[in-house]
Amino acid sequence: MSSSGWILAVCLVVLEGGRYAVWAKEVSGSERNCSAIPPYLPPTAVNTTLRLRDLRASMIPLNISAYIIPATDAHLSEYIAPRDARLAWMSGFTGSAGTAVITQNKAVLWTDSRYWIQAERQMDCNWELQRDGEEQIMRVKLIFYTCPNEVEHIFDVYSTNLAPAGRILKSIPDNLVDKIWTGRPPLPPDNPIRLPDNVIERTWQMKVDQIRAQISDNPYKPTAVLLSALDETAWLFNLRGNDIPFNPFFYSYTLLSMDEIWLFVHIERITEELKVYLNTSCYHSYCVQLLEYSSVRTYLQSYLQRPNVRVWVGTEYTNQALYELITPEDKRLTSTYSPVLTTKAVKDATEQRILKEAHVRDAVAVMQLLMWLEKKVPEGTENELTAAHFVDQCRSEQKNSRGPSFETISASGPNAALAHYSPSNETARKLSVDEMYLVDSGGQYLDGTTDITRTVHWGKPTDFQKEAYTRVLMGNIEISRTIFPAGTRGVNMEMLGRRALWEVGLNYGHGTGHGVGNYFGVHEWPVGFQSNNIPFQEGMFTSIEPGYYKENDFGIRIEDIAVTVPATTKYGNNYLTFETVSLVPYDRKLINTSLLSPEQKSLTDSILFVYYETIRSMVGPELERQALKEEYDWMMKHTAPFLTCSFSLLILLFYLVIFLQAILS
């Protein structure tokens, strides 16, 4: 069977009693109310009664009392294809993070704070929601509600917690959800494609050499590396696909040794042109041997039968089905991330240049949206969904566009308090001059991936809204201007994005930044500000995105993409800072400069002045090239200087320098 079927189960006795869904039609609200009589379910909730019945029936012959369903796929991807959305199909919950436990009379979902309200809107009353902070409770239940000496099937991450209670972990070979999923989406029909030469600096053979050098130099002497994450194979061979929504990946694994290359794909989708490109008709060290995607387990077992072999795996993206095959342990070398992921994190000169160019064109699309909304919102004709469609359309008209990089977060008023809300026909609010509006969107381009968030207000914001926005902007600026030694971990700088909020007792519940790719994933690991991200080196791209969310009222996020570049210091060498490559102005109506000390005000003025001059110099010519006169005027208006006293002096000095340079030249 395909390794994509390796979802794990645990054997448990009955937990507390369940609840059956009843649709109440006379009560209104956006979230379910399972304590009402009868229980109320909003139109966004999914009826899962029959699905749970069928799954529970399939568990009985296998003596499984509880079944675990993660939100990911066989490659441990963040974004998954519709055919792999097993958790969503079973529960109705479509968030990107979550784990379900299903017993014979209970169904429980764990997810983090980003998705609590979404889960309450999408699940029926068959399901109980547990917060992710209560994961330890799930582990305790798995221990204390199981019968000793029964077999449990769960991901290896729980083994440490369960072993002391005498439980045994064992994976099962069949995916029970797939067996009952009628109408499961088929494999997408699109073939992988190769990137054109003008957007790559390194051929796939050069990349193979880079990874082989790391295999050879590793003191633990691996003989091969197994690549499981979808972006690893795509990066290595300069290929892209269309199997995953918003992500240009294709189903694949790669096993790379010092003298052989095995690529596991759906062979029928590899064109003759690609076979020639990959040298599939020969057998030397730069020839790619094509094997069926479903044969990866079988072939990995065969390779492990060879004498003196050791397979290097990155544990973050290797599934249990493959990991458990690599035995005995002396045949396995592990690191958190594979050498491909850590190498891919540092962009070469061509990747840096074209990714910046993609952000210039992307800024045009975002400016078109913001200008359009300024005109249309006062008319009362637009809602969250039409705004999302508009920005997607604007991006589609830009050069090299390949669609959005994720589902646009277009959120007004209380919906913006949900950090990762996306509108639907049922939930879209009409946009109003009386509410804050947050738009987090991005594009896929042949030369880059973008992600940017802007928050605006078209009317009169409250003092608190302005304070919260200003403090979020201060956090964004504080990180982006930081100078730090190369090799510093993002987690050691992350609090800078929160400090201005912390000073008044505010905070936000999501990460402060993530990596971004070159026509790849919009969340590209392992770059970012979390504890499991790798240290920053020159040439890494990351988002910087502090925020604040007031429940049932409004949300604020300011997100820019930045690249790490060398910093000039008085004494030290090998220091870095961030250069912002997102090029869209902030909403000046929401900036309250009176909150800043004189020193902060002067610093903020100077930073915004330089940033806005950069927008004018880089996006202005592109707007003119596209003959977007109205958008150009909008850009000039919204990048006008803040006319404080100190700032006016700065402007005079700036233009004096330009004048003197012109004379001297």
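What is the volume of the largest cavity in this structure? About 110 Å³. Keep in mind that this is a predicted model. A search of the whole structure turns up six cavities of 30 Å³ or more. Sixteen is the count to remember for the largest one: 16 residues line that cavity. Closest to its centre are L195, V199, R240, E351 and N518.

Now the overall picture. The protein chain has 665 residues, and 56% of them count as buried. The chain holds 19 helices and 27 strands. Take the contacts between residues at least 6 apart in sequence: 69% of them join residues at least 24 apart.

On to the cores. In soluble globular proteins, nonpolar side chains tend to be buried together. Here, the largest nonpolar core has 56 residues. Which of its members touch the most others? They are L373, Y437, Y586, I615 and V619. Helix α13, residues 349-376, gives the most to this core: ten residues. Look at L373. Leave aside its neighbours within four places in sequence, and L373 is in contact with P378, A387, L431, Y437 and W458. Another core lies apart from this one. That other core has 50 residues, including I211, L227, I270 and V309.

Next, strand β17, residues 409-412. Are its faces buried or exposed? Both are covered. I409 and A411 are buried on one side, and S410 and S412 are buried on the other. β17 runs antiparallel to strand β18, residues 436-441, and four bridges join the two. S412 in β17 stands opposite Y437 in β18. We have met Y437 already: it is in the largest nonpolar core, and L373 is in contact with it.

Now a sheet. Four strands form an open sheet, in the order β22-β27-β26-β23, with antiparallel pairing. Why do β22 and β23 each have one side without a neighbour in the sheet? β22 (484-485) and β23 (541-544) stand at the edges, each with a single partner strand, so one side of each is left free of a neighbour in the sheet. For β23, four bridges join it to β26, residues 560-566, and those two strands run antiparallel. F541 has V563 in β26 as its bridge partner.

Last, back to α13. Which strands does this helix lie across? β23, β26 and β27 (575-580). The helix runs at about 150 degrees to β26. So keep α13 in view on the screen: it lies across those three strands, and it gives ten residues to the largest nonpolar core.

Conventions. Residues are numbered from 1 along each chain as its sequence is written. This is a predicted model: local features need pLDDT of at least 70, side-chain atom pairs count only at pLDDT 80 or more; totals for chains, interfaces and linings use all residues. Side-chain values use heavy atoms; hydrogens and water are left out. A nonpolar core is a set of buried Ala, Val, Leu, Ile, Met, Phe, Trp, Tyr and Cys residues joined through side-chain atoms within 4.5 Å. Buried means under 20% relative accessible area, exposed over 50%, partly exposed in between (1.4 Å probe, protein chains only). Contact means heavy atoms within 4.5 Å. Two strands pair if DSSP finds at least two bridges between them. Axes are lines fitted to C-alpha atoms, for helices over the stretch in contact, and angles run from 0 to 180 degrees between N-to-C directions. On a 1 Å grid over the protein atoms alone, a cavity is a set of points where a 1.4 Å probe fits but cannot get out, and a pocket is an open set with protein on both sides within 12 Å along at least five of seven lines; lining residues have an atom within 4 Å of a point. Grid points are joined across faces, edges and corners, and a volume is the space filled by probe spheres set on the points.
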